[in-house]
Amino acid sequence: MASVVEYKGLKAGYHCGYCDSKEGKASCGMWAHSMTVQDYQDLIDRGWRRSGKYVYKPVMNRTCCPQYTIRCRPLHFQPSKSHKKVLKKMLKFLAKGEISKGNCEDEPMDSTMDDAVAGDFALINKLDIRCDLKTLSDDLKESFESEDMKGKNSKKEESSELIQSQDVEEKLGSGEPSHLVKVHTVPKPGKGADLSKPPCRKAKEIRKERKRLKLMQQNPAGELEGFQAQSQPPFLFPPKAKSNQPKSLEDLILESLPEDASHKLEVRLVPVSFEDPEFKSSFSQSFSLYVKYQMAIHQDPPDECGKTEEIAFTRQLHEKASQLSYYYMGFYIHSCPKMKYKGQYRPSDLLCPETYVWVPIEQCLPSLENSKYCRLNQDPEAVDEGRCKEPDRLRVFHKKAIMSYGVYKKHQKDPSEEAAVLQYASLVGQTCSERMLLFRN
């Protein structure tokens, strides 16, 4: 069996369903009268995709929404917290028929949470630095302004602070609850807390500091060892061993359901043919279940559950067929919000539209933030190794005969014919051009 394709050429200036542009989409396409699995695999690795028997490739530098081929590496896939939440909700729905009341769309994703926490720490550090690096001129200015007042009240403040610290230490040492110990300090009028003074410390820390200084005076050589030995509390409970290991993807999906489960989940392999009755039956059942799930539990994108299950299914297939090691998720459009969920399945790679090599998505995101279309391969000297270098070896199917393009073009005088064939060869690459049959009438 050989693939027989009929090249249709460039189609540009039509409606885009991603950004709703009326004339922004551009792609090249061909009709596949027949196609082998290997040919379609090689075409996918060059940015092609099919819709039924129509196979198309977006013109990346012209289309309004560049579509980058994305694939996941299932053997190294680790579900995120968001994925685990979705799977747990799905299992809960299958087992008990319960629908979660919370709305996951309001919950930030894991990466957002990490950024928020990191931002909080960064803000705290900035505030600490701002307080610590107070300029000397401000300190001198304050000292000059309050020099007279400090001279009069310094003795009173020192005595009052000493009495307060002694009271706190006595109350804490006596076992009185800490929330009953109240120390009232009056800030300067209109100034708030005095940032020139060191921050307040707990009485426990002050006692430790005094004890350390006392040990240093008594035993200068071994003060640290003595302090550490006395300050460390005894271990009342031995450390617990980490017995709970994180569940794998298979454990989350293939978790046993009770016998009286409200719903059941099946994975079926049926012939992909609309004429097949089994396919029609399974398709209608799957579609009805999909509609119910979308309407009842539409708190997450409906594709998310299906993706994790398909990744787990790919891992199962890899055990029987080692060449099945990638899960292709179609196209990734960075400018389309509905496509962002695909980038959360890590590790994933994007296909460079110029060199057709796979690049980790983490390296691509900064460039895609600046430009919709960009060369993902960071090597400026890299070229397309699979490009068509010998177009005369391209195979043509003409008048029920198979021939090379070098023989076919001797009988053709139309200049547009050669331009279309060369364009087709550049898009499919040398390997597919020698294996597939280009139909010409």
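A salt bridge here means a side-chain nitrogen of Lys or Arg within 4 Å of a carboxyl oxygen of Asp or Glu. Keep that in mind for these exercises on a predicted model.

**Exercise 1.** Work out whether lysine 8 and glutamate 6 form a salt bridge, and say how buried or exposed each partner is.

*Solution.* Start with the distance: the closest N and O atoms of lysine 8 and glutamate 6 are 3.6 Å apart, and the pair forms a salt bridge. Next, look at the surface. Lysine 8 has a relative accessible area of 52%, so it's exposed. Glutamate 6 sits at 19%, so it counts as buried; the cut-off for buried is under 20%.

**Exercise 2.** Find the salt-bridge partner of aspartate 349 and place both residues in the chain.

*Solution.* The partner is arginine 73, with the closest N and O atoms 3.0 Å apart. Now place them: aspartate 349 belongs to strand S7 (residues 348–351), while arginine 73 lies in the loop between S5 and H2. That's 276 residues apart, so the pair links distant parts of the chain. Finally, check accessibility: aspartate 349 is buried at 5%, and arginine 73 is partly exposed at 26%.

**Exercise 3.** Describe the largest nonpolar core: its residue count, its best-connected members and its main contributor.

*Solution.* Count first: the core has 27 residues. Leu350, Leu368 and Leu376 have the most contacts inside it. Then go by element: those giving two or more residues include strand S5 (68–72), helix H2 (81–96) and helix H10 (303–320). H2 supplies the largest share, 4 residues.

Notes: Residues are numbered from 1 along each chain as its sequence is written. This is a predicted model: local features need pLDDT of at least 70, side-chain atom pairs count only at pLDDT 80 or more; totals for chains, interfaces and linings use all residues. Side-chain values use heavy atoms; hydrogens and water are left out. A nonpolar core is a set of buried Ala, Val, Leu, Ile, Met, Phe, Trp, Tyr and Cys residues joined through side-chain atoms within 4.5 Å. Buried means under 20% relative accessible area, exposed over 50%, partly exposed in between (1.4 Å probe, protein chains only).
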